[in-house]
Amino acid sequence: IGAGNYNTPGFEPSVGTPVPAALGLQKARTWDEAVADGFKITPLSEVFKGKVALFVVPGAFTGVCENAHVPSFSKNAAAFKDKGVDRIVCMSVDTPYAMNAWKNLMGKNAEGIEFYGDTSGAFAKLMGKNMDLSAAALGTQERSNRYAAIIENGVIKVLNVEAAPSDLKVSTGDELLKLL
């Protein structure tokens with residue numbers, strides 16, 4: 001992890017680092033809903049207001065993400081609330097439409113979770129977690145490594161990063177709950 005700030009090459013945010021409010025994400029929704037709201041971007045200051053359990057996945061509709069990562073947070077939604085977490089947020093470098101379809105397809109396994117698309121990959125880059133996953137057929141755009149965090153009023157309080165995007169050891173809902 002480099003020293004400095006977000007403008008310093010090689011810098012990676014860590015515990016205690018504030019997340020810049022200037023960036024934004026696209027809330028999961030249909031195309032028609034996006035047209036109706038003018039493709040509104042949700043600022044990070046709004047996404048990370050209060051106490052938020054964030055988990056980031058390499059891609060919607062992918063095996064580990066769909067079969068284990070998302071359900072690990074959904075099944076623990078009440079426990080997170082009991083620990084003072086206001087919202088659980090799932091984010092991926094993807095479109096809000098893919099994230100919306102994925103959320104809807106998962107049904108019960110996605111309950112209690114807000115889904116967002118990092119459409120440009122800017123948040124993944126900001127966090128220093130961007131990587132080329134084209135070998136896994138995830139497209140030509142860089143994706144994000146898998147991780148989970150507790151962000152309180154825009155400040156990173158906990159950050160658990162997997163060694164590889166295919167791993168699911170330290171970023172599950174169960175593991176994050178242990179740290180609250």
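F55 of strand 3 has a bridge partner in strand 4, and that partner is C90. That pair is a handy way into this predicted model, since strand 3 links up with two other strands. With strand 4 (residues 87-92) the pairing is parallel and runs over 5 bridges. With strand 8 (residues 147-152) the pairing is antiparallel, and here 6 bridges do the joining. A53 is one of the residues involved, sitting across from I150 of strand 8.

How much of strand 3 is buried? For residues 51-56, the count is 6 of 6. The side chains split into two sets: K51, A53 and F55 point one way, while V52, L54 and V56 point the other way. Both sets are buried, and that includes the lysine, K51.

Strand 1 (24-27) also has two partners. It pairs antiparallel with strand 2 (residues 42-43) over 2 bridges, and it is joined to strand 5 (residues 114-117) by 2 bridges, again antiparallel. On the strand 2 side, L25 is matched with T42; on the strand 5 side, Q26 stands opposite G117.

Here are the four strand pairings side by side:

| Strands | Sense | Bridges | Example pair |
|---|---|---|---|
| 3 and 4 | parallel | 5 bridges | F55 and C90 |
| 3 and 8 | antiparallel | 6 bridges | A53 and I150 |
| 1 and 2 | antiparallel | 2 bridges | L25 and T42 |
| 1 and 5 | antiparallel | 2 bridges | Q26 and G117 |

Just before strand 1 comes L23. Is L23 buried or partly exposed? Its relative accessible area is 26%, so it counts as partly exposed. Even so, L23 has plenty to touch: leaving out neighbours within four places in sequence, its contacts are T42, P43, L44, A122, F123 and L126. T42 turns up here as a contact of L23 and also as the bridge partner of L25. F123 is worth a look too, being 100 residues from L23 in sequence but 7.3 Å away in space, C-alpha to C-alpha.

Now for the helices, starting with helix 5 (residues 96-106). Its buried residues are P96, A98, M99, N100, W102 and M106. An α-helix has 3.6 residues a turn, so residues three or four places apart point the same way. N100 is the one to zoom in on: its relative accessibility is 9%, and it therefore counts as buried, the cut-off being under 20%. Beyond the residues up to four places away in sequence, N100 touches A28, R29 and T30. Right after helix 5 comes G107, with a positive phi near 55°.

Helix 1 (residues 31-36) holds W31. With a relative accessible area of 49%, this tryptophan is partly exposed. Which residues join W31 in a nonpolar surface patch? They are V35 and F39, and the three together have about 300 Å² of accessible area.

Zooming out, the chain has 7 helices and 9 strands. Buried residues make up 47% of its 180 residues. The exposed surface comes to about 8,300 Å², with carbon and sulfur atoms supplying 54% of it. As for contacts with a separation of 6 or more, 66% are between residues 24 or more positions apart. The L23 and F123 pair, 100 residues apart in sequence, is one example of a contact across such a separation.

Definitions and conventions:
Residues are numbered from 1 along each chain as its sequence is written. This is a predicted model: local features need pLDDT of at least 70, side-chain atom pairs count only at pLDDT 80 or more; totals for chains, interfaces and linings use all residues. Side-chain values use heavy atoms; hydrogens and water are left out. Helices (H or I, at least four residues) and strands (E, at least two) are DSSP runs, numbered from the N terminus. Buried means under 20% relative accessible area, exposed over 50%, partly exposed in between (1.4 Å probe, protein chains only). Contact means heavy atoms within 4.5 Å. Accessible areas come from the Shrake-Rupley method with a 1.4 Å probe; for residues, only the protein chains shown count as cover. Patches are made of residues with over 30% relative accessible area and no salt bridge: like charges are joined within 9 Å, nonpolar side chains (Val, Leu, Ile, Met, Phe, Trp, Tyr) within 5 Å. A salt bridge is a side-chain nitrogen of Lys or Arg within 4 Å of a carboxyl oxygen of Asp or Glu. Two strands pair if DSSP finds at least two bridges between them.
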